[in-house]
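Colleague: I would like to learn how to read the packing of helices and strands in a model like this one. Could we go through it feature by feature?

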Amino acid sequence: MDPNSPDSENHDLLERLTPSQVEAVQHRDGPLLILAGPGSGKTRVVTHRIAFLLRQGVPAWQILALTFTNKAAEEMNLRLARLAPGESVWTGTFHRFCARMLRRHARLVGLEENFSIYDTSDSRKVLRAAIDDTDISLSHVTVDQIANEISNAKNNLVTSNQFVSRAGQTLGGVVEVAYPVYQKRMLQANAVDFDDLLLHLATMLRENPELRKAMDDRYRYIIVDEYQDTNFSQYAIVRALSRDHPNLAVTGDPDQSIYGWRGANLRNILDFEHDFPQVRVVRLEQNYRSTSNILRVADQLIAYNTQRKPKQLLTDNPPGNPVRLVRYPSSRDEAEHIVAQIADDIAHDRRRPRDFALFYRINSLSRALENAFRNAGVPYQIIKGLEFYQRKEIKDVLAYLHLINNPKSDMSLLRIINVPPRRIGKATIKRLDEYAQRYGVSLLDAAREAKTIKTLRKPAVVALHGFVEMFDALSPLATAPLHELMEQLLAESGYRNWLEESELEEDAERLANVEELLTDASEFDTQSPDDAPLEAFLEQAALVSDTDEWEVETNKVSLMTLHAAKGLEFPCVFIVAVEQGMLPHERSKEDPDQLEEERRLLFVGITRAEEELQISNAAYRFMRGNQEMAIPSPFLMELPREEMEVFEPKSSPHIDETWDDHTDDDDTYVQDIVDDDPEELGFDDPLMDEAIQHDIEQQQMTRPAAASVMTADQLLNNALDGDSEADERGAIPPEDFVEGMIVNDPERGLGRIVKLSGKEKKRTATVQFFTSPRLRHYVLAYSSLVPVQSADDT
DNA sequence: AAGTTGGAAGTTTTT
DNA sequence: CTTCCAACTT
């Protein structure tokens, strides 16, 4: 319906737009507030407006478009490329923009240009270390609570110097102590957390009027998408850049504000008219996305929120099918029936996999759904599985890169100084840290001075020296192509070898992931001929999110949280587990504001659907390894039930008349019911008994014979036997080993003893195995090493 | 120093 | 049911 060919779009930007859309597109100078309901063509308006500005002669570099996610920015870029080919307008997330500005003016806030961006888990570790520096007791508050409070403070532009606790607040008192220590550690490491990116830029703009003016001048036209989700520091930044040239256009929908927990301040949008009195307000209330049935359900639900400007959702779309409300007997039924429904539609060519999306409140709900999809063989993608950049091996390699880029990054050093194992243990690190703290140097510099650290033992000094040498060999490659740097790194550090040598299945997988990162690096090399590729790569890795991984093109069913669903649309949507404690979530129920946010979350989910929508819950949900009774969400009572189709399949849905479009034979769901209880479903097939008999025989054949009939006494005896055996095995007297002797290790094979040290129980052998260049150390009194051939025999 | 085993704890949403 | 950490073993 929308050809979007470059020519037709360029011919007249205002063609095929409604009057209010035209009003927003044509608005040129002065503040503009676009209140856009779901599916009202908001992105279309924004991109057309940018194209319009460009057409009017505004240079591309004077326009700044800030989005909430990288994906939204990408999409905007894509559409802009069609509307205004050859022009490049900077589009990106707030965090990316801040990082960019901060690189340029890092010194103004006490950072260096090569600062590192720590993710949540890294900054959490720094906080823990900071707390250890103080005498804070964690008996009444958790690290997470403290972190949250610091984050809140930063989002409200309260710096570590300014934070003052109100009298009598336990948490506040703790934060007052921990916040400055944490911030000092971050600065020492030349690192920032996500909140710092915003806080530092806002501070910088406030304290440097000249710079603020210059940037205000540079970015004449600013567009902010999803303005309802901005927090105070983001607001301050945008405001600071729109004083001399208040050409600020924001789009948003207060009803879709779902990031209050992250400091998003609804007042930013509700008070926009107050902050910018000259503002032009454009309302986009016509919905082009959903059927009127879907829209009515959304409309009725959101009307229950009290903190809102009343607004009607309008559409000329046909009513479509009724919205389905389903209560399943169990979460398993829910998953399997939904998948069966989808499989059926695909099998009959009514839909493609990519037409479907499943939304849930919390990530852990994805597992059950995933299993159902896998069993049915329906292709699916999860937005956020175990995210790539959170995996240990990826974080390890990135830590090496971080340290090369920013040698002060102690967090990175701690992560990799003994990975792969270099015989640098807890004790050594503790002494190193003491030295570093005392002299105010980085851990790397402390390691450099290992010789002068009195508390360190010789082997530790040698090991540390080796690490520093390795690092110094790598660091000249900091400006080399990424791929080259990483290849060297993996070789020099021994990381690749370490994984290759391991026999663990897990490590083979890790190696594959590392290779994938290497591929990313090569791609990055060819795509962005940046003058600082390392820094750019690390920044990208830090600021990617899970929704960014979503593949629009592939033909798969999408599974995601309700939060991740924002900004997307699908022909068929299933929202699952709409139950008390899940949605609204347990932790939102006391606070009425949070409860309203939960309602908005469901609203966002509902309004993603174009044609079909099913909302479901289950009577029993499998959580934490056991069945738990679930109560339907109170939100369901707020929906216009008389206009919906309400199903409550009792025990086996295929008996229920309402499920007649699912025949027994193509339905994995029914198959499982059969497994559970064949009799109840009326199976009187005489072959059944035989089949069961056969199954039992099969099981008996594959089962180890005696294991199941062992008595407790026998088990105990077995355990004792095992112990004594081990004692005897280790009883080869340590004196029997000599240097040069060939030995066998049951796991690693043959090797030669190159060195012996220590006495009696502490006598250790250094063994060079034939299969690997690495030396291994054995405490002979406990080892499973067996002499194969004495040195004399050779 | 490194690996292994056991127990305890914890699971909202994300840049 | 996992996943993470602490104590224990080798």
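Modeller: Let us begin with angles, which run from 0 to 180 degrees between N-to-C directions. This is a predicted model, and in it helix H2 (residues 19-26) lies across S1 and S8, running at about 145° to S8. Helix H5 (residues 94-104) also packs on the sheet, where it touches S2, S3 and S6, and its direction makes about 110° with that of S3.

Colleague: In what order do the six strands of the open sheet lie, and in which sense do they pair?

Modeller: The order is S3-S2-S6-S7-S1-S8, and the pairing is parallel. At the edges stand S3 and strand S8 (280-284), each of which pairs on one side only. Neighbouring strands of this sheet are turned by 15° against each other on average, with direction ignored.

Colleague: Which residues stand opposite one another when S2 is followed to its partners, S6 and S3?

Modeller: S2 pairs with strand S6 (residues 221-224) in the parallel sense over four bridges, and there Leu66 stands opposite Val224. S2 also pairs in the parallel sense with strand S3 (residues 90-93), again over four bridges, with Thr93 of S3 as the bridge partner of Thr67. Between these two strands the chain crosses from S2 through helix H4 (residues 70-83) to S3, in a β-α-β crossover that is right-handed. Elsewhere in the sheet, strand S1 (residues 32-36) and strand S7 (residues 247-252) pair in the parallel sense over four bridges, and Leu35 stands opposite Gly252 in S7.

Colleague: How should I read the side chains of a strand, and are those of S2 buried or exposed?

Modeller: The general idea is that in a regular strand the side chains alternate between the two faces of the sheet. In S2 (residues 63-67), Ile63, Ala65 and Thr67 point one way while Leu64 and Leu66 point the other way, and all are buried. The strand is accordingly described as mostly covered, with five of its five residues buried.

Colleague: How are two packed helices described, and at what angle do H17 and H21 cross?

Modeller: Two packed helices are described by the angle between their axes and the distance between the axes. The axes of helix H17 (residues 392-405) and helix H21 (residues 458-474) come within 10 Å and cross at roughly 75°, which makes H17 roughly perpendicular to H21. Tyr400, Leu403 and Ile404 of H17 make the contact with Phe467, Met470, Phe471 and Leu474 of H21. Sorted by class, this contact of H17 with H21 has seven nonpolar residues, no polar and no charged ones.

Colleague: What can be said about a loop residue such as Pro319?

Modeller: Pro319 lies in the loop between helix H14 (292-302) and strand S9 (324-330). Because its relative accessibility is 47%, and partly exposed covers what falls between 20% and 50%, Pro319 counts as partly exposed. Leaving aside its neighbours within four places in sequence, Pro319 is in contact with Thr291, Ser292 and Asn293. From Phe163, which is 156 residues away along the chain, Pro319 is separated by 54 Å between C-alpha atoms.

Colleague: How many helices and strands does chain A have, and what share of its residues is buried?

Modeller: Chain A has 29 helices and 21 strands, and buried residues make up 50% of its 794 residues. Among contacts in chain A between residues at least 6 apart in sequence, 73% join residues at least 24 apart.

How values were computed. Residues numbered from 1 in each chain as written. Chains lettered and ligands numbered in written order. Predicted model: local features only at pLDDT ≥ 70, side-chain atom pairs only at ≥ 80, totals over all residues. Heavy atoms only, no water. Parallel < 35°, antiparallel > 145°, perpendicular 65-115°, else oblique. Contact = heavy atoms within 4.5 Å. Nonpolar A, V, L, I, M, F, W, Y, C, P; charged D, E, K, R; others polar. Buried < 20%, exposed > 50% of the residue type's maximum accessible area, 1.4 Å probe, protein only. Pairing = 2+ DSSP bridges. Right-handed = clockwise from strand over helix to strand, strands pointing away.
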